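Okay, thanks for coming, everyone. I'd like to walk you through one model today, so let me put it up on the screen.

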Amino acid sequence: MSGVFSSVLMLLGAAFMLVAAIGVFRMPDLLTRMHASTKAGALGGGLLLLAVAVHFGELGITSRAVAGVAFVILTAPVAAHMIGRAAYLTGVPLWEGTIVDELRERYSTRSRTPNPGTTQD
Amino acid sequence: MILERLTAVFVPTHLALAMLIIALFLAFARLLRGPTLPDRVVALDLVSTLAVGMMAAYAVMTNQPVFLDVAILLALIAFLGTVAFALYVGKGRIP
């Protein structure tokens with residue numbers, strides 16, 4: 001029974017990672033690529049680590065795997081935020097179909113500081 | 001016993017590793033194509049996440065829980081590397 005559960009978790013995690021890689025390969029600009037890689041990639045990695053925990057089914061291994069899942073879930077958004085912020089502020093071009101860019105009037109890209117008069121709430 | 005191990009371990013781990021290798025090729029293609037430095041950083045981050053997943057699948061395939069420690073350590077180092085790259089990208093203009 002646990003073998004079936006761990007197999008399903010493993011195939012699901014690998015499928016999510018494949019979707020993340022396809023997104024990184026196919027998406028048109030940096031932020032949409034990060035949208036694919038960060039969420040689907042972190043979810044796939046977490047599912048694969050959970051599959052290891054279910055497969056072995058021992059306390060020490062399970063606690064290590066859960067700690068690994070927590071680490072992946074906690075660090076993926078932080079890393080994505082730092083890359084996205086650095087890339088936006090250095091002027092990476094957005095996709096030509098972009099409709100909303102709320103940061104444009106709030107930040108001056110050249111000096112990399114908030115514009116005067118706009119609050120940083 | 002052997003049949004059970006074949007269906008519960010051999011087939012899913014090999015399928016998962018095959019999918020992860022295809023994903024690795026796609027991420028590597030984006031790493032080569034760019035076009036800007038942050039694109040390459042995102043692709044490199046995905047490559048390290050894929051390596052973590054491959055370590056986890058390999059731990060199940062070989063029945064060796066030691067590889068789980070490798071996966072966790074690799075995730076930690078990959079996070080530090082991505083943060084360092086992000087700081088490096090933030091320092092200069094993209095050509």
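Let me start with a small detail: the side chain of S48(B) reaches the backbone oxygen of D45(B), at 2.7 Å. Before anyone asks, this is a predicted model, so please hear everything I say with that in mind.

Staying with that serine for a moment: S48(B) is found in helix α2 of chain B. Is it buried or exposed? With a relative accessible area of 16%, S48(B) is buried; the cut-off for that is under 20%. And which residues does S48(B) touch, if you skip those up to four places away in sequence? They are L74(B) and A78(B).

Now let's zoom out to chain A. Chain A has three helices and two strands, and if you read from the N terminus on, the order is α-α-α-β-β. So much for the layout. Of its 121 residues, 44% count as buried. As for the contacts in chain A between residues at least 6 apart in sequence, 48% of them join residues at least 24 apart. On the surface side, chain A exposes about 6,600 Å², and 67% of that is supplied by carbon and sulfur atoms.

Okay, on to the interface, where I'll spend most of my time. How many residues of each chain are in contact here? For chain A it's 43, and they meet 49 residues of chain B. The area buried between chain A and chain B is about 4,000 Å², with carbon and sulfur atoms giving 79% of it. If you want names on the chain A side, F25(A), I83(A) and T90(A) lose the most area to chain B. Together those three make up 15% of what that side buries.

What about polar contacts? Between chain A and chain B we count four residue pairs in polar contact, with both residues at pLDDT 80 or more. Which elements of chain A give two or more residues to the side that touches chain B? Those are α1 (2-26), α2 (30-56) and α3 (59-89). Of these, α1(A) gives the most, with 14 residues. Sorted by type, the residues on that side of chain A divide into 29 nonpolar, nine polar and five charged.

That brings me to the charges. Side chains of opposite charge can pair when their charged atoms come close. Over all chains, the structure holds two salt bridges, and the count between chain A and chain B is also two.

Let's take D39(B) and R33(A). Their side chains meet in a salt bridge, at 2.4 Å from N to O. Where do the two partners sit? D39(B) lies in helix α2 of chain B, residues 37-62, and R33(A) lies in helix α2 of chain A, so this pair joins two chains. How accessible are they? D39(B) is buried, with a relative accessible area of 4%, and R33(A) is buried as well, with 6%.

The other pair is D69(B) with R64(A). D69(B) lies in helix α3 of chain B, residues 66-91, and R64(A) in helix α3 of chain A, so here too the pair joins two chains. Their closest N and O atoms are 2.6 Å apart. What's the accessibility here? D69(B) counts as partly exposed, at 32% relative accessibility, and R64(A) counts as partly exposed too, at 33%.

One more stop, and it's a histidine. The place of H55(A) is in helix α2 of chain A. H55(A) has a relative accessible area of 19% and is buried, because the cut-off for buried is under 20%. What does H55(A) touch, leaving out residues up to four places away in sequence? In chain A there's S6(A), and across in chain B there are V9(B), V60(B) and N63(B).

Let me finish on N63(B), since we've just bumped into it as a contact of H55(A). N63(B) is in the loop between α2 and α3 of chain B. Have a look at the backbone there: phi of N63(B) is near 60°, a positive value in a residue other than glycine. In terms of accessibility, N63(B) counts as partly exposed, at 38%.

Okay, that's my tour. Happy to go back to any of it.

Technical notes. Residues numbered from 1 in each chain as written. Chains lettered and ligands numbered in written order. Predicted model: local features only at pLDDT ≥ 70, side-chain atom pairs only at ≥ 80, totals over all residues. Heavy atoms only, no water. Contact = heavy atoms within 4.5 Å. Buried area = accessible area lost by both parts, 1.4 Å probe. Salt bridge = Lys/Arg side-chain N within 4 Å of Asp/Glu carboxyl O. Polar contact = N/O pair within 3.5 Å; in protein donor to acceptor, adjacent residues only side chain to side chain. Helix = DSSP H or I, 4+ residues; strand = E, 2+ residues; numbered from the N terminus. Nonpolar A, V, L, I, M, F, W, Y, C, P; charged D, E, K, R; others polar. Buried < 20%, exposed > 50% of the residue type's maximum accessible area, 1.4 Å probe, protein only. Areas by Shrake-Rupley, 256 points an atom, 1.4 Å probe, with all protein chains shown as cover.
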